[in-house]
Amino acid sequence: MLVAVYGEVEGIRGNIVLLRVTDFVLEIHCDRRTAESLKTGERVKLYTHLEFNQEGFTLYGFLDQVKVEVFEKISKVSKVGHKTALKILSSVEPDEFVYMIKSGDIERLSQVPGIGRKTAERLVSELKDEEFSITFTMNREYLDAIEALTVLGFPKSEVRDAVRRIFKPNMNAEQIVKEALRLLSKKV
């Protein structure tokens, strides 16, 4: 089993990272956020999932083990597969995805690029009883605040970071938005 690789980023082509590991250069398919956070020449450790098929093998890489876990569980859902799992993790963080699954939020899940209503229903149906190692205090207010702030035009990655930093379980969406706006306005 190949659990992780450590090496130097040789190049990035979209969501594909070329990673030099000793005398080899590996092609690693990553989620958008992982690929965007890496720079050529940087030494990095990527947690991996190796998939064998009739055409050969494909290596998927992520910055943390939680994404690998969620990726593997999504990939096992019937009629979903690795490409869709990668699209999902390029659009939502693992804790957001797991919250949508556990709360049965098919509406919000079906708005994720690459997922229609039928796929959202299948994901909830097949994953709702799965155990995930993610521990989080997220709730509907958290997701509503993220949505409201992105509608205002803030980049989703910055919004997620700001909301995570200020979030407390007893806050409502309005309070979360106000506090997050304070943080986001300091960046502008």
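In which loop is the place of Lys79? The views below, drawn from a predicted model, include this residue.

**View 1. Lys79 sits in the loop between α2 and α3 (81–91).** Although Lys79 is not a glycine, its phi is positive, at about 65°. Most residues other than glycine have a negative phi. The relative accessibility of Lys79 is 75%, so the residue counts as exposed, the cut-off being over 50%.

**View 2. Thr22 occupies the loop between β2 (16–21) and β3 (24–30).** Here too a residue that is not a glycine has a positive phi, and for Thr22 the value is about 50°. Thr22 counts as exposed, with a relative accessibility of 63%.

**View 3. Ser75 is a buried residue of helix α2.** Its relative accessible area is 15%. This value is under the 20% cut-off, and Ser75 is therefore classed as buried. When neighbours within four places in sequence are left aside, the contacts of Ser75 are with Gly81, His82 and Ala85.

**View 4. Phe97 belongs to the largest nonpolar core.** This core holds 46 residues, and those that touch the most other members are Ile74, Phe97, Leu109 and Leu123. Around Phe97, the residues touched are Val70, Ile74, Ile88, Val92, Leu109, Leu123 and Leu127, with residues up to four places away in sequence not counted. Another core lies apart from this one and has 11 residues, including Val9, Val17, Ala35 and Leu46.

**View 5. Helix α2 (residues 65–75) packs against helix α4 (residues 94–102).** The two axes are 10 Å apart and form an angle of about 40°. At this angle α2 and α4 are oblique to each other, and their crossing is left-handed. On the α2 side the contact involves Val66, Lys67, Val70 and Ile74, which meet Pro94, Phe97 and Val98 of α4. By class, 6 residues in the contact of α2 with α4 are nonpolar and 1 is charged, with no polar residues.

**View 6. Helix α4 also packs against helix α6 (residues 117–127).** In this pair the angle is about 85° and the axes are 9 Å apart. The range for roughly perpendicular is 65 to 115 degrees, so α4 and α6 are roughly perpendicular to each other. From α4, the contact is made by Phe97, Met100, Ile101 and Lys102. From α6, Leu123, Val124 and Leu127 take part. The residues of the contact of α4 with α6 comprise 6 nonpolar and 1 charged, and no polar ones. Phe97 appears both in this contact and among the α4 residues that meet α2.

**View 7. Gly153 lies in the loop between α7 (140–151) and α8 (156–166).** Gly153 counts as exposed, at 60% relative accessibility. From C-alpha to C-alpha, Gly153 and Gly81 are 32 Å apart in space, and 72 residues separate them in sequence. Gly81 is one of the residues in contact with Ser75, the buried residue of View 3.

Definitions and conventions: Residues numbered from 1 in each chain as written. Predicted model: local features only at pLDDT ≥ 70, side-chain atom pairs only at ≥ 80, totals over all residues. Heavy atoms only, no water. Core = buried A, V, L, I, M, F, W, Y, C linked by side-chain atoms within 4.5 Å. Buried < 20%, exposed > 50% of the residue type's maximum accessible area, 1.4 Å probe, protein only. Contact = heavy atoms within 4.5 Å. Axes fitted to C-alpha atoms, helices over the stretch in contact; angles between N-to-C directions. Helix = DSSP H or I, 4+ residues; strand = E, 2+ residues; numbered from the N terminus. Parallel < 35°, antiparallel > 145°, perpendicular 65-115°, else oblique. Left-handed = near helix turned anticlockwise from the far one by under 90°. Nonpolar A, V, L, I, M, F, W, Y, C, P; charged D, E, K, R; others polar.
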